[in-house]
Amino acid sequence: MNVAPAVTPAELVVSLLAQEIDDGAVVATGVASPLAILAIAVARATHAPGLTYLACVGSLDPDLPFLYPSSEDLGYLEGRSAEITIPDLFDHARRGRVDTVFFGAAEVDAQGRTNMTASGSLERPRSKFPGVAGAATLRQWVRRPILVVPRQSRRNLVPEVQVATTRDDHRPVKLISDLGVFELGAGGARLLARHPWVELEAIQERTGFSFQVEEPLPVTPLPDARTVSAIRAIDSRGLRDQLVGA
């Protein structure tokens, strides 16, 4: 494999997200999803030219020549093959026509429950988070939901979410962070792989729940030069590095 030099943590995370998109897949994004949009653009430019993209700004298969700071930028209407409404997007998901959606969260626990609602309780919230925006149902309808935590810590990987905004007790879910890749679900958490720049002990220090460890623990491979080149061309302003920690 032709490996590009000096790959950043953000570039590895984006490449892992892109790998979750198969050629021919239908993928959708919601609000505040710049990393997901970048991953979709990279997948289309590399291994998945036949993907179908439903953008929440209201476009079907827009051009993705570069990454805008806002996921709702009207630039994502350019080159669209059709317009699509939010009800259309949910209707397609409910009918099983959407393969992959990436979900962020303020908190995630080992059972795969996420909190995007508030700290404290619903009755007496101490602070409010961005909100659910339909993710509670969408997560259960899409074929391959993926959780994304770009700055892993004990504050966002917690023993139990304060408010369960989304949950899916019937199947495990993959979580990709800036430190590694987990599988979460009713049976608890399992670390599937660690990223090259972090050891297991550091991941344990920055994880608020207990987890099993794949034996032997794989190290996530660096993206090839073609993928890194696509990431850097589409996100030429380096927004990705502002969003991913490590």
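This is a short dialogue on reading a predicted model.

Student: Where do I start with the sheet? What is its strand order?

Tutor: Start with the order of the strands, then look at the pairing. Here an open sheet of 10 strands runs E4-E3-E2-E1-E5-E10-E11-E12-E13-E14. Its pairing is mixed.

Student: Which strands stand at the edges?

Tutor: Look for strands with a single partner. Strand E4 (82-83) and strand E14 (211-213) each have a single partner strand, so one side of each is left without a neighbour in the sheet.

Student: How do I read a strand pair? Do E1 and E2 run parallel or antiparallel?

Tutor: Follow the bridges and compare directions. Four bridges join E1 to E2, and the two run parallel. Val 27 has Tyr 53 in E2 as its bridge partner. The chain gets from E1 to E2 through H2, in a β-α-β crossover that is right-handed.

Student: Where does H2 lie?

Tutor: Helix H2 covers residues 34-45 and lies across strand E1 (26-29), strand E2 (52-55) and E5. Its direction is at about 155° to E1.

Student: And what about E2 and E3? In which sense do they pair?

Tutor: E2 and strand E3 (residues 59-60) pair in the antiparallel sense, over two bridges. Leu 54 stands opposite Leu 60 in E3. Check the hairpin of these strands too. It has three residues between the strands, and there Gly 58 takes a positive phi near 115°.

Student: How many bridges join E5 to E10?

Tutor: Four bridges join strand E5 (residues 100-103) to strand E10 (residues 144-149), and these strands run parallel. Phe 103 has Leu 147 in E10 as its bridge partner.

Student: Now a helix. Which strands does H1 lie across?

Tutor: Helix H1 (residues 9-19) lies across E5, E10, strand E11 (173-177) and strand E12 (180-184). Relative to E11, the helix runs at about 160°.

Student: Why is H1 called largely enclosed?

Tutor: Count the buried residues. Nine of the 11 residues of H1 are buried, so the helix is largely enclosed by the rest of the structure. Among them are Glu 11, Ser 15 and Leu 16.

Student: How do I read aromatic pairs? How many are there?

Tutor: Look at the distance between ring centres, then the angle between planes. The structure holds five aromatic pairs. In one of them, Tyr 68 and Tyr 76 sit edge-to-face, 4.8 Å centre to centre, with 90° between the planes. Both Tyr 68 and Tyr 76 are buried. Ring pairs also link Phe 66, Tyr 68 and Tyr 76 into a cluster.

Student: What does the pair of Phe 182 and Phe 209 tie together?

Tutor: This pair is edge-to-face as well: Phe 182 and Phe 209 are 6.0 Å apart centre to centre, with 80° between the planes. Phe 182 lies in strand E12, and Phe 209 lies in the loop between helix H5 (200-205) and E14, so the pair ties together parts that are 27 residues apart in sequence. Phe 182 is buried, at 0% relative accessible area. Phe 209 is buried too, at 7%.

Student: Last one. Is Asp 235 buried or exposed?

Tutor: Check its accessibility first. Asp 235 counts as buried because its relative accessibility is 2%, and buried means under 20%. Asp 235 lies in the loop between helix H6 (225-234) and helix H7 (239-243).

Student: What does its side chain reach?

Tutor: The side chain of Asp 235 reaches the backbone nitrogen of Leu 239 at 3.0 Å. Leaving aside neighbours within four places in sequence, Asp 235 is in contact with Leu 38, Leu 67 and Arg 240.

How values were computed. Residues numbered from 1 in each chain as written. Predicted model: local features only at pLDDT ≥ 70, side-chain atom pairs only at ≥ 80, totals over all residues. Heavy atoms only, no water. Buried < 20%, exposed > 50% of the residue type's maximum accessible area, 1.4 Å probe, protein only. Polar contact = N/O pair within 3.5 Å; in protein donor to acceptor, adjacent residues only side chain to side chain. Contact = heavy atoms within 4.5 Å. Pairing = 2+ DSSP bridges. Axes fitted to C-alpha atoms, helices over the stretch in contact; angles between N-to-C directions. Phe/Tyr/Trp six-rings, centres within 6.5 Å; stacked < 30°, edge-to-face > 60°. Right-handed = clockwise from strand over helix to strand, strands pointing away.
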